[in-house]
Amino acid sequence: QVQLVESGGGSVQTGGSLRLSCAASGHAYNYYSMGWFRQAPGKEREGVAAISPAGVSTFYVDSVKGRFTVSRDNAKNTLYLEMNSLKPEDTGMYYCARVRDGSWIVQRTLTPDQVNYWGQGTQVTVAS
């Protein structure tokens, strides 16, 4: 049974930093692309970042480029999202996801229909 458990969310001031973690179990973690999504109240879930199985390829939505860094430790079955220079518009529930395939590498887009497993989410709140 695939399990994805996020941690590291919290409340910060504008300009602050947070590091999210996602502990994966129940599957061959190092075989799959992984991603981070977020969802603000009243908005659709948005793909924020993705990383290929070996960490060679990454994707970022334009709004977080230069501020967020996705990484993974395959020895620890853990995915990370380092978030710096946080803005109020980064506020939302952040979800870890196992991505179905590597289509995002070519398409350069990350959408919920590309995901086959989700974590429960961790809340990030950025105060102005």
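Visitor: Which residues does Val-70 touch, not counting residues up to four places away in sequence?
Guide: This is a predicted model, in which local features need pLDDT of at least 70, side-chain atom pairs count only at pLDDT 80 or more, and totals for chains, interfaces and linings use all residues. Residues are numbered from 1 along each chain as its sequence is written, and side-chain values use heavy atoms, with hydrogens and water left out. Contact means heavy atoms within 4.5 Å. On that basis Val-70 touches Trp-36, Ala-49, Ala-50, Ile-51, Thr-58, Tyr-60, Leu-79, Tyr-80 and Leu-81.

Visitor: Which strand supplies the largest share of the largest nonpolar core?
Guide: A nonpolar core is a set of buried (under 20% relative accessible area, 1.4 Å probe, protein chains only) Ala, Val, Leu, Ile, Met, Phe, Trp, Tyr and Cys residues joined through side-chain atoms within 4.5 Å. The largest one has 26 residues, with Val-70 and Trp-36 among those having the most contacts inside it. At least two residues each come from several strands, including β7 (68–73) and β8 (78–83). The largest share, 4 residues, comes from β3.

Visitor: How many residues are in the other core, which lies apart from it?
Guide: Its members include Phe-37, Phe-59, Tyr-95 and Leu-110. The count for this core is 9 residues.

Visitor: How many strands are there in the protein chain?
Guide: Strands are DSSP runs of E, at least two residues, and helices are runs of H or I, at least four. The order from the N terminus is β-β-β-β-β-β-β-β-β-α-β-β. Beside 1 helix, the protein chain has 11 strands.

Conventions: Buried means under 20% relative accessible area, exposed over 50%, partly exposed in between (1.4 Å probe, protein chains only).
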